[in-house]
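Biologist: Can you pull up the model so we can go through it together?
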Amino acid sequence: MKFTLSWLRDHLETDADVNEIAETLTDLGLEVEEVSDPAARLKDFTIGKVLAAEKHPDADRLRVCRVATDRGEKQIICGAPNAREGITVVIAHPGTYVPGIDTTIQVGKIRGVESHGMMCSEREMELSEEHDGIIELPSGEIGESFADWLAANEPDRIDPMIEIAVTPNRGDALGVRGIARDLAARGIGTLKPLTLDPVPARFPCPISVTIEEGSRAVAPVFFGRLIRGVTNGPSPDWLQARLKAIGLRPISFLVDVTNFFTYDLNRPLHVFDADTITGSTLRLYPAEGGERLVGIDEKEYVFQPGMTVIADAEGPESIGGVMGGLRTGCTDETRNVFIEAAWFDPIRTAYTGRALKIHSDARYRFERGIDPAFTPEGLEHAVRMIVDIAGGEASEVVRAGEIPDHSRAYRLDTDRVQSLVGMAIPPETQHATLTALGFRIDGDMAHVPSWRSDVQGSADLVEEVARIASLTKLEGQPMRRLSPGVPRPVLTPMQVRVNTARRSMAALGYNECITYSFIDQRSAALFGGGGDDTRLENPISSEMSHMRPALLPGLLQAAARNQARGRMDLALFEVGEAFHGGEPEEQHRLVSGLLVGRTGPKDVHGATRPVDVFDVKADAEAVLAAMGAPGKVQVLRGAAEWWHPGRHGMICLGPKTVLGVFGELHPRVLEAMDVKGPAMAFTLWPEAIPAKRSASATRAALSISDLQAVERDFAFVVESGVEALDLVNAAAGADKALIEEVRVFDEFTGGDLGAGKKSLAITVRLQPREATLKEAEIEAVSAKVVEKVAKATGGVLRG
């Protein structure tokens, strides 16, 4: 919806400038999309006077002018034929941007003579298409702003244009008067009364109108008057300027009148050339289907059953509520005109417009709802303007049908309004607001005006009071505490643990993925799922038929998509739910990470390498530590079949409590998921981490022993099939209180060890807490280490 400031002031008595009006409209819910202010483009142009004009020494058509300006006397070269001594002109100084030629003026030489500025034409300033000469002003002081001169002498030429976005429920805001009413209710001005001076009837209307029974529900009322003896032609300058300012092309006065009232009062009208109407009756009826009409846009349209047809004895001549026909349209030769003002059902109009693919101003307004009660008044306003400007005499009003009764009232609970809005709005202010918007207050009942089809309940009354009061005045209020003192944490311990895992994974360089909880049966089967208990009854597609048993299938699918697009080095993670059954309690929360490719991009130092099991082991341990898992854990074998049988580990607190699994994924799984491997991954179970014994929010005191630690090295000869992990776990279990760490530092095969044997060397670190260890105590622990390793692995000390 577009309008100009001067147009708005025809309905609103206000001193507010365009910026204040634009801000207020947006605050009222009529969002301003554009403000075009011509005066802003002309602010740098000033008025000057030509003191002398002489012929250019090297050009017959150029003149060297001495011009008095606000910056003193300047020499300006001009090629306009009307450049002469004594005229008052518009000056663009060096550095001024001239919009009509998209140029910033600079000091320059023209045929060897310097020019310090430019004297402008109307086209160069985008005031009109006139460019036969420079502007000659009838008045003006040297140095005066040209924009100020226009504001005082020709304000319509710099009239600001405002465009607002109107939501579908606010059909009343599709007219300038409706916008003015909202602004007046806010206090930006006073709404001017809308005066009506009906044209006296001189003769009976020779054209009658009938509405058939099938159309009365969608076209309940039709008003018309015939004016004979009009003189059609170009519209007055003021009307053309109004229409051009909002982007409409003036056509002829009779057509421009209908466009004017469509935007001015939100009253679509149509004018027929009465001499082209066949017969003496216009008939409104529902189309049977197949009828044809050439519209005023010169396109042929075929009616579908149920569309509203306005027809004469020859056939259809208008599409009700959408568009008129070319056959009965007005031309410059039109002398007798029949003016139509009707009301059409919004839903029927929308269906018709969409089916015929017609976008017209009339359809846009009828389908959003216009004021049915204003139908006869809108007709009288148009008749008065036509008679006053185009002449002629008017007939009596012809009427068919009845104006639909949309009267309704809703209870206004002023206390409830203040509670819902959250502002103190006195009852008298609420009543005054609704009254200013056109509501009639009767006790606690608010009667809705006929132009507000969007108000359908008491909640809408609250909205009207709130938007006029301005929701920008709302002040934030702290919520009441349920109990005194420091409030308890909002997040549960598990939520805190999961959030910590997310932050830790991101800090380690992983990118978070959010994948679907549904996957295909084949992928689910690779990870222990895909059964009937997790199958969906009504899946979105065959690729989303089952609930996921793990997070890794989604991560692998994401990796495959990235690899297909050339991204080979990936670090992905996800935190979410997986499902081991179809019941609500048969789900578990997981944290999974995936590494594919190399540790970093290639470089000249060769620092990059393929990711390995120890990368994901370190990351899994770091995330577990961040979530509060105990520091001492065991790493065991025996994970599910989708892990590589010899390159994985289960992080456990014992044989039954598994905190997570890390390792290389099985090549069979990668091949099935179309991932180029190898791929390293880990999965953690946050819910398996035991809760802290202390509920304190503070971190426990750091415990560091001040006693000397002791390290002892052992080399065991074991069978070649013995895993180093089994040996480490056995040694660590010799004395859990004293042994702080066990690590492998060497592996040896061959030599005199014999076939099928290998040597594993480990370092055992002993950390006393109460007293320095004595040699006997060290020897006793060493003996237990040898005993435990021998019992668990069959290993013997290497001689």
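Modeller: Let's go through the pockets, then the cores, then one sheet.

Modeller: This is a predicted model, where local features need pLDDT of at least 70, side-chain atom pairs count only at pLDDT 80 or more, and totals for chains, interfaces and linings use all residues. Residues are numbered from 1 along each chain as its sequence is written, and side-chain values use heavy atoms, with hydrogens and water left out.

Biologist: How much space lies in the largest pocket?

Modeller: About 1500 Å³. A pocket here is an open set of points on a 1 Å grid over the protein atoms alone, where a 1.4 Å probe fits, with protein on both sides within 12 Å along at least five of seven lines. The volume is the space filled by probe spheres set on the points, which are joined across faces, edges and corners.

Biologist: And which residues are closest to its centre?

Modeller: V633, V635, L725, V728 and N729, out of 44 that line the largest pocket (an atom within 4 Å of a point).

Biologist: Which element gives the most to that lining?

Modeller: α19, with 7 residues. Helices are DSSP runs of H or I, at least four residues, and strands are runs of E, at least two, numbered from the N terminus.

Biologist: OK, next one. Which residues are closest to the centre of the second largest pocket?

Modeller: N259, H270, I296, M323 and G324, from a lining of 41 residues. About 1000 Å³ of space lies in that second largest pocket, and α7 provides the largest share of its lining, 4 residues.

Biologist: Switching to cores: which residues touch the most other members in the largest nonpolar core?

Modeller: L25, I164, F222 and F338, in a core of 96 residues. A nonpolar core is a set of buried (under 20% relative accessible area, 1.4 Å probe, protein chains only) Ala, Val, Leu, Ile, Met, Phe, Trp, Tyr and Cys residues joined through side-chain atoms within 4.5 Å. Helix α10 gives the most to this core, 7 residues.

Biologist: What is L25 in contact with?

Modeller: Leaving aside neighbours within four places in sequence, L25 is in contact (heavy atoms within 4.5 Å) with F3, L30, E31, V32, I162, I164, I179 and L183. Apart from that core lies another, of 27 residues, including C513 and F527.

Biologist: Last topic, the open sheet of 4 strands: what's the order?

Modeller: β41-β42-β40-β43, with antiparallel pairing; strands pair if DSSP finds at least two bridges between them.

Biologist: Why is one side of β41 and of β43 left without a neighbour?

Modeller: Because β41 and β43 stand at the edges of the sheet, each with a single partner strand. β41 pairs with β42 over 9 bridges, and T749 stands opposite K758 in β42.

Conventions
Buried < 20%, exposed > 50% of the residue type's maximum accessible area, 1.4 Å probe, protein only.
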